[in-house]
Every structure is written in structure tokens, then in C-alpha cells.
Amino acid sequence: MSLVQASTAHWQGEAPTPLNPDTAFNGFICAHVLHALERLGLFRKLQDDGSVDVSSFCRDNQLDHAVFHALVRAAESFGYLESRGDLVRAIRTGEDVRQAIGFFTWGVGGYHDVFANAAAVARGERRFGVDLHRDEGMVALGSAQADSALMRNILDKEVSALDFSTLVDLGAGVSERVSRLVKARPGSRGLGIDISKSATELGADTVERYGLGGTVEPVCADVLDILFNEQRVEGADEADVVMSFMFLHDLLVDPERRDQVIPRMRAAFPKAHTFLLGDTTVRPRNGEDTLPIFSSGFELAHALMGVPIYTREAYEELFDKGGMRLRRAVPFGAPHTYLFVLEAA
Ligand SMILES: C[S@@+](CC[C@H](N)C(=O)[O-])C[C@H]1O[C@@H](n2cnc3c(N)ncnc32)[C@H](O)[C@@H]1O
């Protein structure tokens, strides 16, 4: 088995299809229980201490004992926790879920309203972005959790092989990645560009936490304005490496401009020798009878939001036509997610 096959073997997943109604219903409840226990800090505490005393945990965190106990019992019946008396500990499945918790934060925390209103969206009674919203904070937290559990090491390895003095992250969220990478490369500087004012403000805290004031700058701007409307961001055209994560598909929404995004990106960052573009792709349908975590949710959520997503092949064609040469497509932790390492052709 090649290295790439080994790192994508789990993309086939272990959830057997067809999901019978028992599994589907219990999966729905279980996902909510896991999300609730994560939000209440139980997994973090179990990670730190190995086991948790339920009564003291409720007391310390001012939790309703009966409700918390019901959540623990539910998690136990789903096979995630084991309790003896008042003491609870994670069993193997519980360990696995800690690795994957970002997907639950993303799906249950971020998209619960969107999924729950699918019928209203189909009828045209509700529209995403108008009277139906995701929880942006939970989406961002879920991404950050998935990054630290699954993606960080892969990105760090790719970046360690690159020469750069200016790093730009497009759709940077709270500028966590750009700050981490600049911190690890003394003498470099970075820009984290994001359209969200609140994410950019939080980005200032990230920069301060890393002690990088004046070295990494979070900038509130619309990347589409930089690409299509000649908006200049001071210092961005000096970038020698440009990155974006879980964001490329957002740039490609408008079918009229889709084919121009990659050439415009090259033009906007004329000195960039490498583009690192990470995104989740539509999973290939090869008639498998198992499903991985995340993919079905990612695909349905984007359909409900009216945002097209792409196969790996479609991305590669877009890069090729747009004048970027694919150095490699690195499996990037989450199922059917790649880090495309590209150079200006
Ligand atoms: C899915 S999040 C990914 C955030 C971060 N890159 C990560 O991987 O955790 C997409 C980000 O893109 C930002 N965004 C969306 N449209 C944008 C635009 N046109 N210009 C700049 N940022 C944008 C959002 O505010 C959000 O922070």
C-alpha cells in the first residue's frame, strides 16, 4: 500500500450503509450527546485526569446533576464512556471521538438549524443567509479542533520545506495558522485576510497571544475585492507563499467568475512561488457500502446553503486551466480533504 493510499484508507469509513433506522436515530441522538459533553468540558477533563467524578464535576461547573447524569448514561449506552459508581472514564470509542470532536462541533453546533430546516429550504420557505443561519462561532471552533487533531502536522511538514519571508492566509478566520507558521519561522511576516470583522478582531488577540504584534497582521477585507476589484492590501503583493483553508469553494460560488479565480490569484500575488490551497472535495461515488465521518454532512450542508463544492478532479482542472502547476495533492486529515500544493506555472 502506498503512503497516499495508507493515509486515505480511512476515507472509506466504517459506517455501514444502508443505515437501518435504529442506527440512524441513535446516531442523531449520540452526536448531540457528544457535542453537549464536549461543550461541558468533559472530554478535556477526561484527557487531563483519566477519569472524572460526576458529582464533583457537576458541583465545580454548576451543572444540573440529573441532566448531566442523563447525558453520561446516554454516552455510556452508546459505548463512549464507562462508569463505576460516580466515577466515569472514556473507553476506546471515547478516545476516537476526542480526535473527531471538531466534526461534531461543526455539524451539531454549527449547522443544526440548517439541517433541521432542510424541508423548509426545499420548499423555498427559508433561505440560507436570509432567515436561516449557521452558528459561525461553532463552525470556526469545529475547524480549529479538526485542525489541531488532524491537519496541523501535515501542514507544518509541507511548510517546513518552503522558503518564505511573507506568508498570506486568505479566509484566515482568527489568523491562528498564519501566526503559528510565522512564529516557527523567525524573520518571516504574515497577513491573515478575512471578510469577517469579528474574526479579524479575534485575530488581533491571536497575534498578541503569539507575541507577534507588528509581524502578523489580521486584515478585514473581501478576497473577491482583492482578486476582482483591485483592492490593495498593504504588503500582500510581497507574499511568497499564499495559503487558504476550507475557503476556496467560497471564492468559486459565482459561475461567471469561477474560471478567473485562479489566474486572478496569481496576478494578485505576483511574487508567490507556492500556493497551498486546502479544501474538502465531493467524495467519489464508487458504490461503497460504508461512509466516513463528515463527508455526507459537508456535502448536504453546502447543498442547503446553495454553495457548489467540487471533486478533486474538478479542482485539478481549474488549477491547470488557471496556470497553476500541481506539485502534489496531499491527503489533509479529514475525509476527502486535500492540501493542494501548487506553483505558478
Ligand atoms: C470555513 S471558514 C475557514 C476558516 C479558516 N481558514 C480555517 O480553516 O479554520 C471560511 C472563512 O472564510 C471567510 N470568508 C468567507 N468569504 C470571504 C471573502 N470573500 N473574503 C475573505 N474571507 C472570507 C469567513 O469569514 C471564514 O472565516
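The protein has a radius of gyration of 21 Å. A compact globule of 345 residues would come out near 20 Å, so the value agrees with that shape. This is a predicted model, and every figure here is computed from it. Along the principal axes, the C-alpha atoms fill a box of roughly 65 × 50 × 45 Å. Buried residues account for 46% of the 345. The fold is built with 15 helices and 12 strands.

One of those helices is H7, which spans residues 118-123. Ala118 has its place there. Is this alanine buried, partly exposed or exposed? Its relative accessibility is 26%, so Ala118 counts as partly exposed; the buried class ends at 20%. Ala118 also shows how the chain folds back on itself in space. Ala301 is 183 residues away from Ala118 along the chain. Yet the C-alpha atoms of the two are separated by 9.2 Å.

Now turn to the ligand. The shell around the ligand holds 13 residues. Gly171, Arg177, Asp194, Asp222 and Val223 come nearest. By character, the shell divides into six nonpolar, four polar and three charged residues.

Which residues place polar atoms beside nitrogen atoms of the ligand? Gly171 does so through its backbone: an N or O atom there lies 2.7 Å from a ligand nitrogen. Ile195 also uses a polar backbone atom, at 3.0 Å from a nitrogen of the ligand. Asp222 brings in its side chain instead, with a polar atom 2.8 Å from a ligand nitrogen. With a cut-off of 3.5 Å for a polar contact, the Gly171 pair at 2.7 Å, the Ile195 pair at 3.0 Å and the Asp222 pair at 2.8 Å are within range. How much of the ligand does the protein cover? On its own, the ligand has 590 Å² of accessible area, and the protein covers 81% of this.

Last, the cysteines. A disulfide is a covalent bond between the sulfur atoms of two cysteines. How many does the whole structure contain? The search finds zero. Cys30 is in no disulfide, and the nearest cysteine sulfur, that of Cys58, is 19 Å away. A disulfide calls for sulfur atoms within 2.5 Å, so a pair 19 Å apart does not qualify. Cys30 counts as buried because its relative accessibility is 8%. Seen from the other side, Cys58 is in no disulfide either, and its nearest cysteine sulfur is that of Cys30. Cys58 is buried too, with a relative accessible area of 4%.

Notes. Residues are numbered from 1 along each chain as its sequence is written. This is a predicted model: local features need pLDDT of at least 70, side-chain atom pairs count only at pLDDT 80 or more; totals for chains, interfaces and linings use all residues. Side-chain values use heavy atoms; hydrogens and water are left out. A residue is near a molecule or strand if one of its heavy atoms lies within 4 Å of it. A polar contact is a pair of N or O atoms within 3.5 Å; within protein, one must be able to donate a hydrogen and the other to accept it, and residues adjacent in sequence count only if both atoms are side-chain atoms. Accessible areas come from the Shrake-Rupley method with a 1.4 Å probe; for residues, only the protein chains shown count as cover. Ala, Val, Leu, Ile, Met, Phe, Trp, Tyr, Cys and Pro count as nonpolar, Asp, Glu, Lys and Arg as charged, and the others, Gly among them, as polar. Buried means under 20% relative accessible area, exposed over 50%, partly exposed in between (1.4 Å probe, protein chains only). Helices (H or I, at least four residues) and strands (E, at least two) are DSSP runs, numbered from the N terminus. The radius of gyration is taken over C-alpha atoms; the globule rule is 2.2 Å times the number of residues to the power 0.38.
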